[in-house]
Amino acid sequence: MVGHRRMIYTCPMHPQIRQDHPGNCPICGMTLEPMGIPEDQGEDRELVDMSRRFWIGLVLAVPVFVLAMGEMPLAGVIPPRISQWIQLVLSTPVVWWAGFPFFARAWSSIRTGNLNMFTLIALGVGTAWTYSVFALLAAGRFPAAYISHGVAPVYFEAGAVITTLVLLGQVLELRARGRTSFALRALLDQAPKTAHWVRDGREEEVPAGDVQVGDILRVRPGEKVPVDGRITEGSTAIDESMITGESLPVEKHAGDKATGATINGTGSFLMSAKRVGENTVLSQIVHLVAEAQRSRAPIQKLVDRVSAVFIPVVLAAAAVSFAAWAHWGPEPRYLHAMVNAIAVLIIACPCALGLATPISIMVAVGRGAQEGILVKSAAALETLGKVRTIIVDKTGTLTEGRPKVVSIWTGPGGDEGRALASAASLESQSEHPLARSVVVAAEARGLHLQAVDHFESVPGNGVSGRIDGNTVRIGKEGWLAAAGVVIGETWEAQAGRLRDQGQTVILVAVEKGMLALIGVADPVKKGAGEAVQELHRLGVRVVMASGDNARTAGIVAKLAGIDEVHANVDPKGKLALVAAAKSRGATVAMAGDGVNDAPALAEADVGIAMGTGTDVAIESADLILVKGDLGALVRALHLSRATTGNIRQNLFFAFFYNALGVPIAAGLLYPLFGLLLNPMIAGAAMSLSSVSVITNALRLRNKSI
């Protein structure tokens with residue numbers, strides 16, 4: 001349905017960057033995103049490459065970390081100098097092979113004058129490794145103040161650990177991009193592959209892509225509508241849930257619109273093609289999802305802003321330290337100056353900072369899984385805590401998403417069981433979507449279905465048949481009246497009251513009189529009202545967006561306690577609601593379960609899919625509520641806020657130790673106390689910061705949400 005064109009790749013944060021091949025943004029280093037729907041070319045080569053680098057890096061980095069952190073306990077087993085040589089051998093491929101893409105991106109950022117996260121990584125990792133090699137090979141030239149147990153301090157583990165953590169982040173990012181492509185292809189798969197072309201009284205099956213505007217097409221019962229058009233002949237009921245999200249089918253007659261990829265019911269009809277290819281509603285939804293997912297600004301933007309300031313400050317501190325030691329320091333002055341300047345760069349390298357966010361996210365993801373909350377995007381878990389507006393779909397999100405019999409009215413002295421059994425017996429012969437709900441209701445009551453003779457279905461009007469010698473009819477008021485059925489004011493008034501409650505009314509007649517009114521509706525999920533109340537208490541504004549009519553949407557909103565309602569909203573309208581809320585400065589979440597929700601889910605700061613929904617919605621979202629329970633949404637919000645607070649605490653621990661370490665590394669305490677950065681102090685500071693961060697993050701496991 002979407003035509004082939006040359007793929008263009010762009011940067012989500014710098015849309016002015018465009019090229020006709022994959023690569024990285026020269027400004028921020030991010031992987032460029034395709035502007036269209038990429039072909040399914042099997043495995044993502046970049047993901048395979050980064051995954052290989054990560055796993056090999058992890059295997060080599062772990063023993064380096066163990067050797068460095070356990071240097072004192074292992075001193076009797078592995079001599080310090082031998083330990084350092086082992087660390088050199090293991091860390092070198094991690095830094096220079098596994099981490100090579102980061103150095104390439106850093107060099108690009110330096111050439112273009114756009115310092116970013118990769119510049120910081122390359123500076124810290126490269127300095128740590130280079131200095132450590134010098135300290136290992138030339139330990140004898142170091143001043144005595146720097147020597148402990150016969151060796152100078154080395155920081156091989158800092159370079160290896162940071163490289164591995166950043167690789168993990170890249171793998172997760174690339175996997176998310178792969179899910180995006182899968183979601184778009186899944187959307188395209190909703191389109192039928194063939195159409196029945198009608199010309200000169202003949203029917204011919206042709207590829208749907210060959211259909212042209214003005215072509216006459218035949219759509220048979222149960223088939224998908226091939227393109228957007230208008231019905232020219234016939235009547236039917238079409239399942240438009242893909243577009244509107246509503247579970248109830250829509251009656252269609254000559255002159256009505258038919259939308260591509262929706263599912264035809266029991267009637268056969270002819271239609272004239274009006275929109276084909278990229279102009280169909282489905283294709284527009286695909287492009288809306290692609291644009292929304294590409295436009296989401298990742299958390300890296302903040303990191304890059306910090307890096308642009310942090311790097312010059314650290315370089316300036318190192319330069320001042322070098323100059324001060326070279327001018328006023330003890331002999332050998334230049335060796336002291338070089339060691340202290342490099343120590344500033346190393347101690348500023350964010351080892352605990354690299355753990356601060358990932359460790360909290362990992363613990364929180366596990367905690368969420370216990371509560372039926374699957375987290376696909378770490379950034380989204382952080383962002384959810386800041387959400388102040390949640391836009392929710394109606395069908396399948398607030399309601400159960402499938403029609404049920406919720407009321408039976410038989411008038412004074414009527415027998416509900418007999419009426420339901422007769423209706424279910426007749427509806428068991430019908431293929432109408434609502435018929436199944438009547439049969440299910442009868443089965444739930446244990447009613448016996450009777451034999452039906454002379455069954456007849458009149459598309460767009462109703463069904464009839466003989467049960468125990470009596471003619472039973474189910475259908476529209478006008479059709480029943482034309483058959484001589486007397487409905488009467490009392491029955492009409494009651495039907496009106498049921499409709500005012502948001503129910504679809506099925507009229508059942510026997511011979512010339514009314515037998516029953518059966519109300520079918522999509523019930524509000526258990527606990528939805530309580531969940532909405534809790535969201536209000538947490539300061540979150542809840543907005544409902546539904547493709548259903550205003551009356552039904554308003555009734556559901558009232559039952560759930562929602563104040564703001566938008567009815568008759570199509571996929572583009574839902575996306576516009578999200579965009580409008582974001583334009584007012586709000587952090588917005590969108591919760592939905594259908595194809596029609598996919599663009600809005602992708603556009604929102606946080607997309608939340610019901611686990612009971614469509615694959616497309618699930619792939620477009622950041623969080624999945626496994627049971628489709630709104631109570632899980634409240635728990636997810638509590639978890640996010642707890643995680644965000646935990647990350648802030650971790651960042652404090654990481655910055656606190658770095659802030660203490662930089663002036664000591666620069667030699668600020670030497671004139672006053674004769675103190676230099678002893679390797680034991682540096683090692684203790686690094687260990688303490690990492691242990692503090694990990695211990696604090698583990699508290700999330702027992703957090704009540």
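Two strands are taken to pair if DSSP finds at least two bridges between them. Helices (H or I, at least four residues) and strands (E, at least two) are DSSP runs, numbered from the N terminus. The structure is a predicted model, in which local features need pLDDT of at least 70 and side-chain atom pairs count only at pLDDT 80 or more, while totals for chains, interfaces and linings use all residues. Residues are numbered from 1 along each chain as its sequence is written, and side-chain values use heavy atoms, with hydrogens and water left out.

Strands of a sheet pair through backbone hydrogen bonds, either parallel or antiparallel. One open sheet has three strands in the order 9-8-11, and its pairing is antiparallel. Strand 9 (250-252) and strand 11 (263-264) are the edge strands, each pairing on one side only. Strand 8 (residues 236-239) runs antiparallel to strand 9 and is joined to it by three bridges. Here alanine 237 lies opposite glutamate 251 of strand 9.

A further open sheet holds six strands, ordered 5-4-6-12-7-10, again with antiparallel pairing. Its edges are strand 5 (202-207) and strand 10, each of which pairs on one side only. Within this sheet, strand 7 (residues 228-233) and strand 12 (residues 269-275) run antiparallel and share five bridges. Aspartate 228 has arginine 275 of strand 12 as its bridge partner. Arginine 230 stands opposite serine 272, also in strand 12. Strand 7 also pairs with strand 10 (residues 257-258), in the antiparallel sense, over two bridges. Arginine 230 takes part here too, with lysine 257 in strand 10 as its bridge partner.

Helix 1 (residues 45-69) includes phenylalanine 65. The expected span of a helix is 1.5 Å times one less than its number of residues. For the 25 residues of helix 1 this gives 36 Å, and the end C-alpha atoms are 35 Å apart, which agrees. The helix bends by about 25 degrees at leucine 58. The bend at a residue is the angle between axes fitted to the seven residues ending there and the seven starting there.

Burial was assigned from relative accessible area: buried means under 20%, exposed over 50%, and partly exposed in between (1.4 Å probe, protein chains only). The buried residues of helix 1 are Leu47, Met50, Ser51, Arg53, Phe54, Gly57, Leu60, Ala61, Val64, Leu67 and Ala68. Phenylalanine 65 is partly exposed, because its relative accessibility is 32%. Together with Val62, Val66 and Met69, Phe65 makes a nonpolar surface patch of about 310 Å². Patches are made of residues with over 30% relative accessible area and no salt bridge; like charges are joined within 9 Å, and nonpolar side chains (Val, Leu, Ile, Met, Phe, Trp, Tyr) within 5 Å. Areas come from the Shrake-Rupley method with a 1.4 Å probe, and for residues only the protein chains shown count as cover.

Helix 3 (residues 100-112) has 13 residues and reaches 19 Å from its first C-alpha to its last, close to the expected 18 Å. Its buried residues are Pro101, Phe102, Phe103, Arg105, Ala106, Ser108 and Ser109. Just after this helix, glycine 113 adopts a positive phi of about 75 degrees.

The whole structure contains 19 salt bridges, each defined as a side-chain nitrogen of Lys or Arg within 4 Å of a carboxyl oxygen of Asp or Glu. In one of them, arginine 445 meets glutamate 416, with the closest N and O atoms 3.6 Å apart. This pair links distant parts of the chain, 29 residues apart: arginine 445 is in the loop between helix 14 (433-444) and strand 16 (453-458), and glutamate 416 is in helix 13 (residues 416-427). Arginine 445 is partly exposed at 47% relative accessible area, and glutamate 416 is partly exposed at 35%.

Glutamate 443 and arginine 436 also form a salt bridge (3.9 Å, N to O). Glutamate 443 is partly exposed, because its relative accessibility is 46%.

Aspartate 597 and lysine 574 form a salt bridge with the closest N and O atoms 2.7 Å apart. Aspartate 597 sits in the loop between strand 23 (588-592) and helix 20 (598-603), and lysine 574 in helix 19 (residues 571-583), so distant parts of the chain, 23 residues apart, are linked by this pair. Both residues, aspartate 597 and lysine 574, are buried. Elsewhere, Arg367, Glu371, Asp629 and Arg635 are joined into one network by salt bridges that share partners.
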